[in-house]
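User: Please take a close look at the sheet in this structure, and then at the helix that follows it along the chain. I would like one connected account.

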Amino acid sequence: MDNVRVLVLRAAGVNCDLETGFAFELAGAQAQRVHINRLIENPSMLDDFAILVFPGGFSYGDDVAAGKILANQVVHHLVEPIRRFIESG
């Protein structure tokens, strides 16, 4: 895991991002927490990472269908960059 860079995605209501980053660091990776808005602004940021993590939680609150807003952000703004990220291995 040395020199492996991990992007830990964060958004309002997402929890476990700190713990997720810490777990990757314990395994020897370099974890960086990045807010989804930063990734939307600069999707080429994915090129700098080997792993993309969506930590658990109640993104944007469970009262508005937990995960729905985050999923829409990914589908409408990041689906192609994430597809390229996956295809690049």
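Analyst: This is a predicted model. Its open sheet is built from 3 strands, arranged in the order S2-S1-S3 with parallel pairing. Strand S2 (30–35) and S3 are the edge strands; each has a single partner strand, so one side of each has no neighbour in the sheet. From one strand to the next, the twist averages 25°.

Between S1 and S2, the parallel pairing runs over 6 bridges. Within this part of the sheet, valine 8 lies opposite arginine 33 in S2. Helix H1 (residues 17–26) packs on the sheet and touches S1, S2 and S3. The direction of H1 makes about 170° with that of S1.

Now to the later helix. Helix H3 covers residues 68–87, which is 20 residues. A straight helix at 1.5 Å a residue would reach 28 Å, but the end C-alpha atoms of H3 are only 25 Å apart. H3 also has a kink of about 80° at leucine 78, shortly before proline 81.

Both of these residues appear again in the list of buried ones: Leu70, Gln73, Val74, Leu78, Pro81, Ile82 and Phe85 are the buried residues of H3. Their cover includes strand S1 (5–10) and strand S3 (51–53), along with helix H2 (36–41). S1 and S3, two strands of the open sheet, are thus among the elements that cover the buried residues of H3. Just after H3, glycine 89 takes a positive phi of about 95°.

Key. Residues are numbered from 1 along each chain as its sequence is written. This is a predicted model: local features need pLDDT of at least 70, side-chain atom pairs count only at pLDDT 80 or more; totals for chains, interfaces and linings use all residues. Side-chain values use heavy atoms; hydrogens and water are left out. Helices (H or I, at least four residues) and strands (E, at least two) are DSSP runs, numbered from the N terminus. The expected span of a helix is 1.5 Å times one less than its number of residues. The bend at a residue is the angle between axes fitted to the seven residues ending there and the seven starting there. Buried means under 20% relative accessible area, exposed over 50%, partly exposed in between (1.4 Å probe, protein chains only). Contact means heavy atoms within 4.5 Å. Two strands pair if DSSP finds at least two bridges between them. Axes are lines fitted to C-alpha atoms, for helices over the stretch in contact, and angles run from 0 to 180 degrees between N-to-C directions.
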